[in-house]
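Visitor: Could you walk me through this one? I'd like to hear about the charged pairs, the fold and the cysteines.

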Amino acid sequence: MDEFATEYLVSDGDVRLEVAGPVARIVLDRPAKRNALSTHLIAELRDRIDDVAASDARVVLLLGEGPVFCAGADTVEFADACAELVRGRWTRLGQQVFRALAELPQTTVAVLAGSAFGGGLELAMHCDFRVAAGSVVLGLPEATLGTTPGWSGLSKISEIAGLGAARRLALTGQPVNAEDAFRIGIVDVVDADVHAAADELVQSLLNTTPAAQSILKRILASASPADAATLIDSLAGGYLTASGETKSRRNS
């Protein structure tokens with residue numbers, strides 16, 4: 001990992017939270033298993049998301065320790081489990097935790113220094129941005145294994161990059177390289193120095209105000225333009241004025 005001036009750190013073994021000033025980093029820390037998503041890791045990820053939601057951080061980076069960002073679901077854990085157990089204990093838990101990540105008030109950036117497959121790519125798609133190294137590959141191989149993505153990743157890909165990208169990844173099960181991922185719209189930045197590129201994006205995000213970022217996230221997550229317009233009318237002007245941010249930015 002690159003150097004990061006951590007002010008405090010929280011970890012229960014598989015996921016760690018590092019916070020330094022306005023920037024938090026949530027790190028999947030199970031490199032020996034390629035950061036595969038076990039029940040424990042997903043539950044710990046939920047705790048770290050709760051921690052960062054209550055923190056003063058403004059931007060959250062999501063990273064994977066080791067050479068792979070995330071290999072996807074830990075299928076070994078549920079190899080002998082019945083379908084109902086998988087749906088009840090695993091799928092719903094993952095959907096809840098991934099949704100909590102997407103709903104963080106802070107802006108989130110998945111830093112893909114390594115490849116991401118299946119649930120790992122679904123996890124990254126729940127962030128606001130994805131920055132990838134040029135060497136990574138991304139894919140949804142579930143169809144080749146006789147199953148389907150279960151953690152809302154397909155809907156996120158469709159929402160962000162369109163049905164064409166979702167069809168290519170899901171129906172073929174074949175991975176794409178970083179440049180193709182950028183071309184089809186599931187990655188925002190490709191750079192050989194992925195950490196420097198992520199830092200540059202973070203600085204751009206920190207040049208905005210926290211209230212504006214939070215409001216814009218809610219607007220962009222709205223189901224329709226009408227919903228977005230309602231949010232703008234009901235939140236933006238009044239909240240920004242009350243917070244003093246509009247005035248302070250004008251006089252700065």
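Guide: What follows is a short conversation about this model, which is predicted.

Visitor: How many helices and strands does the protein have?

Guide: The protein has 10 helices and 11 strands, and buried residues make up 44% of its 252 residues.

Visitor: And what share of the contacts comes from residues 24 or more positions apart?

Guide: Counting contacts with a separation of 6 or more, 66% are between residues 24 or more positions apart.

Visitor: What about the surface, how much of it belongs to carbon and sulfur atoms?

Guide: The accessible surface comes to about 12000 Å², and carbon and sulfur atoms hold 54% of that area.

Visitor: On to charges, then. How many salt bridges are there?

Guide: The count comes to 12 salt bridges. One of them joins the side chains of Arg-30 and Asp-74, with N to O at 2.9 Å. Arg-30 sits in the loop between β3 (23-28) and α1 (39-53), while Asp-74 sits in the loop between β5 (68-70) and α2 (83-102), so this pair ties together parts that are 44 residues apart in sequence.

Visitor: Are those two buried or exposed?

Guide: Arg-30 is buried, at a relative accessible area of 17%, and Asp-74 is buried as well, at 11%.

Visitor: Which residue does Asp-128 pair with?

Guide: Asp-128 forms a salt bridge with Lys-217, and their closest N and O atoms are 3.0 Å apart. This pair links distant parts of the chain, since Asp-128 lies in the loop between α3 (119-125) and β8 (129-132) and Lys-217 lies in helix α8 (residues 210-220), 89 residues apart. Asp-128 is partly exposed, with a relative accessibility of 28%, whereas Lys-217 is buried at 14%.

Visitor: Where do Lys-156 and Glu-159 sit?

Guide: Both belong to helix α4 (residues 153-161), where, being three residues apart, they are separated by about one helical turn. They form a salt bridge whose closest N and O atoms are 3.9 Å apart. As for accessibility, Lys-156 counts as buried at 19%, a value that falls under the 20% cut-off, while Glu-159 is exposed at 53%.

Visitor: Which residues are joined into one network?

Guide: Arg-16, Glu-18, Arg-25, Asp-29 and Glu-65 are joined into one network by salt bridges that share partners.

Visitor: Changing topic: what span should helix α7 have, given its 13 residues?

Guide: Helix α7 (residues 194-206) should span 18 Å at 1.5 Å a residue, and its end C-alpha atoms are indeed 18 Å apart, so the expected and modelled values agree.

Visitor: Which of its residues are buried, and what covers them?

Guide: In α7 the buried residues are Val-194, Ala-197, Ala-198, Leu-201, Val-202, Leu-205 and Leu-206. Their cover includes the strands β3, β4 (59-64), β6 (107-112), β8 and β11 (189-190), together with helix α8. Helix α8 is also where Lys-217, the partner of Asp-128, is found.

Visitor: Last one, the cysteines. How many disulfides does a search of the whole structure find?

Guide: The search finds zero disulfides. For background, a disulfide is a covalent bond between the sulfur atoms of two cysteines.

Visitor: And Cys-70 and Cys-127, buried or exposed?

Guide: Cys-70 counts as buried at 0% relative accessibility, and Cys-127 likewise counts as buried, at 4%.

Conventions. Residues are numbered from 1 along each chain as its sequence is written. This is a predicted model: local features need pLDDT of at least 70, side-chain atom pairs count only at pLDDT 80 or more; totals for chains, interfaces and linings use all residues. Side-chain values use heavy atoms; hydrogens and water are left out. A salt bridge is a side-chain nitrogen of Lys or Arg within 4 Å of a carboxyl oxygen of Asp or Glu. Helices (H or I, at least four residues) and strands (E, at least two) are DSSP runs, numbered from the N terminus. Buried means under 20% relative accessible area, exposed over 50%, partly exposed in between (1.4 Å probe, protein chains only). Contact means heavy atoms within 4.5 Å. Accessible areas come from the Shrake-Rupley method with a 1.4 Å probe; for residues, only the protein chains shown count as cover. The expected span of a helix is 1.5 Å times one less than its number of residues. A disulfide is a pair of cysteine sulfur atoms within 2.5 Å.
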